[in-house]
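Visitor: I would like a close look at a single part of this structure, with the terms spelled out as you go. Please take one helix and follow how the rest of the chain is arranged around it.

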Amino acid sequence: MSDHIENLLSEYMDDELNEEEKQIIEKHLAVCSDCNHRFHELRSLRKQLLAAYLPIEIPSMIEEIVIEKIQLASIKKSTGALNLLAFLTLFAFGIMLMVTASPILTIGLPIFHSVYSIARGLIYAVPSIISALPYVVEVIIALIFCFIIFAILTLRYLVHTMGKTVRAEDI
């Protein structure tokens with residue numbers, strides 16, 4: 001063995017050495033202050049770690065509990081999908097029933113479709129018209145900026161006049 005036993009201190013604390021090695025280390029710790037100091041530091045650190053991390057007791061039936069939870073989750077998931085499928089089926093059936101049974105809808109549906117097509121065309125046309133006109137975007141941005149400045153100045157004026165008319169002594 002070498003002069004110092006630093007590499008065996010951890011094994012000594014874990015009781016992984018045979019009796020002969022334990023006696024040699026104990027004798028060395030009695031005479032070597034450096035190794036004795038390191039041993040006490042390691043033992044203190046080990047106590048701190050054990051105090052910080054308390055062991056967790058696992059229930060004996062953990063496997064059954066986990067399997068049961070997984071089965072319940074899969075049942076809930078499949079039930080949710082079935083409910084959604086049933087709702088969509090009933091919704092589609094209701095729409096088909098209303099379209100075929102109501103003469104108002106059979107007349108109103110083409111009108112609604114025409115209005116929808118016009119609105120959709122306008123949604124695509126308005127940005128094209130606006131971008132074709134020169135400086136429209138810049139004018140809109142400038143107007144928004146002016147409006148923000150006007151709102152800030154108005155709020156500042158209101159706060160300033162409110163401070164003059166209402167004083168802390170008056171309250």
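Guide: What follows is an account of helix 2 and its surroundings. This is a predicted model, in which local features need pLDDT of at least 70 and side-chain atom pairs count only at pLDDT 80 or more, while totals for chains, interfaces and linings use all residues. Residues are numbered from 1 along each chain as its sequence is written, and side-chain values use heavy atoms, with hydrogens and water left out.

Helix 2 (helices being DSSP runs of H or I with at least four residues, numbered from the N terminus) has 13 residues and reaches 19 Å from its first C-alpha to its last, close to the 18 Å expected at 1.5 Å a residue, where the expected span is 1.5 Å times one less than the number of residues. At its N-terminal end, Asn-18 acts as a cap, with a side-chain oxygen 3.3 Å from the backbone nitrogen of Glu-20.

Lys-22, Ile-25, His-28 and Leu-29 are buried in helix 2, buried meaning under 20% relative accessible area and exposed over 50%, with partly exposed in between (1.4 Å probe, protein chains only). Seen down the axis, these buried residues fall within an arc of 130 degrees, so they line one face of the helix; the arc is that of the directions from the helix axis to the C-beta atoms. The face turned away from the buried side carries the exposed residues Glu-19, Glu-20, Lys-27, Ala-30 and Val-31. What covers the buried residues of helix 2 includes helix 1 and helix 3.

How values were computed: Helices (H or I, at least four residues) and strands (E, at least two) are DSSP runs, numbered from the N terminus. Contact means heavy atoms within 4.5 Å. A polar contact is a pair of N or O atoms within 3.5 Å; within protein, one must be able to donate a hydrogen and the other to accept it, and residues adjacent in sequence count only if both atoms are side-chain atoms.
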